[in-house]
Amino acid sequence: MIPVLPYTAEVLDSLLARYNAAVVPLPAAAVLMAVAVLGHAVRPVRGGDRLASLFLAVAWAWVGIVFQLRYAATIDFMATLYGGFFVAQAALLLWTGVVRKQLIYRVKDHAAGRIGCGLAVLAVAGYPLLCLLTGHNWMSLPWVGAAPDPTVLLTLGLLLTAQPVPRYLLVVPLMWSLVAGMAALSLDTPERLILPAAAILAAVIAERARRTPTP
């Protein structure tokens, strides 16, 4: 049974528009940072892996604390729980990628690398464009690093380039992707069905890469 959410698609769009206006110029800066991180995965620079993990950690923390707890919580009683999970994911990324330096992002010529790069590009440009094409106002578009869905897509994509990736880093992105998928059915926002599809694909590819590591 599809859950009935305490808000409509129009209410969520209005919230996103108010949020985007309030945090300008963060969305633009976050998009530029995401492009730079993806560029590092394609053509590595010294220290880029830790900076990439730091960016992801900050993005997850921001979305958890500012978007979920301060904005989404005004329309969704579950947002406080979601915010906690986003902050937990930020801590895991900080510990694994920045403190322990275990995440090495490289786009290589294999399935995980190609699909990971594709998901990252989708997060940065494809997903906002798809939202625009499906009738959303440009002021309410979700941007990577500032909104949950594209931030999750970018994280899944980059983690696929960092194989083998610890399984625990995939748990929260998978959980949010399922939440987004259920919301898509409840709110009739089919573009969000990309999230569960991408998450399942990423999990399968990550597990395959773990079992058959590429030299």
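**Close-up views of an all-helix model**

**View 1. L94 and the residues it meets.** Leaving out residues up to four places away in sequence, L94 touches L54, A57 and V99. This is a predicted model, so keep that in mind for every view here. L94 itself lies in helix α4, which covers residues 79-99. Is L94 buried, exposed or something in between? It's partly exposed, because its relative accessible area is 36%, and the cut-offs are under 20% for buried and over 50% for exposed. If you look for L153 as well, you'll find its C-alpha 18 Å from that of L94, with their positions 59 residues apart in sequence.

**View 2. Helix α7, end to end.** Helix α7 runs over residues 168-187. How does the span of its 20 residues compare with what 1.5 Å a residue should give? The expected span is 28 Å and the end C-alpha atoms sit 30 Å apart, so the two agree. Just after α7 comes D188, and its phi is positive, near 55 degrees.

**View 3. The buried residues of α7.** Quite a list of α7 residues is buried, including L169, L170, V172, P173, W176 and L187. Small ones turn up too, among them A180, G181, A183 and A184. What covers them? The cover includes α1 (9-23), α3 (48-71), α4, α6 (148-161) and α8 (194-211).

**View 4. Inside the largest nonpolar core.** This core has 62 residues, and L103, Y105 and L154 are the ones touching the most other members. Helices α1, α2 (26-42), α3, α4, α5 (111-133), α6, α7 and α8 each give two or more residues to the core. Which of them gives the largest share? That's α3, with nine residues. Now zoom in on L154: setting aside neighbours within four places in sequence, it's in contact with A34, F55, L56, A120, A123 and V144.

**View 5. Stepping back to the whole protein.** Count the elements and you get eight helices and zero strands. The protein is as compact as a globular protein of its length, because its radius of gyration is 16 Å, close to the 17 Å that the globule rule gives for 215 residues. Its C-alpha trace spans about 50 × 35 × 30 Å along the principal axes. Of the 215 residues, 49% count as buried. On the outside, the protein exposes about 10300 Å², with carbon and sulfur atoms supplying 71% of that. And among contacts between residues at least 6 apart in sequence, 75% join residues at least 24 apart.

Conventions:
Residues numbered from 1 in each chain as written. Predicted model: local features only at pLDDT ≥ 70, side-chain atom pairs only at ≥ 80, totals over all residues. Heavy atoms only, no water. Helix = DSSP H or I, 4+ residues; strand = E, 2+ residues; numbered from the N terminus. Buried < 20%, exposed > 50% of the residue type's maximum accessible area, 1.4 Å probe, protein only. Contact = heavy atoms within 4.5 Å. Expected span 1.5 Å × (residues − 1). Core = buried A, V, L, I, M, F, W, Y, C linked by side-chain atoms within 4.5 Å. Rg over C-alpha atoms; globule rule 2.2 N^0.38 Å. Areas by Shrake-Rupley, 256 points an atom, 1.4 Å probe, with all protein chains shown as cover.
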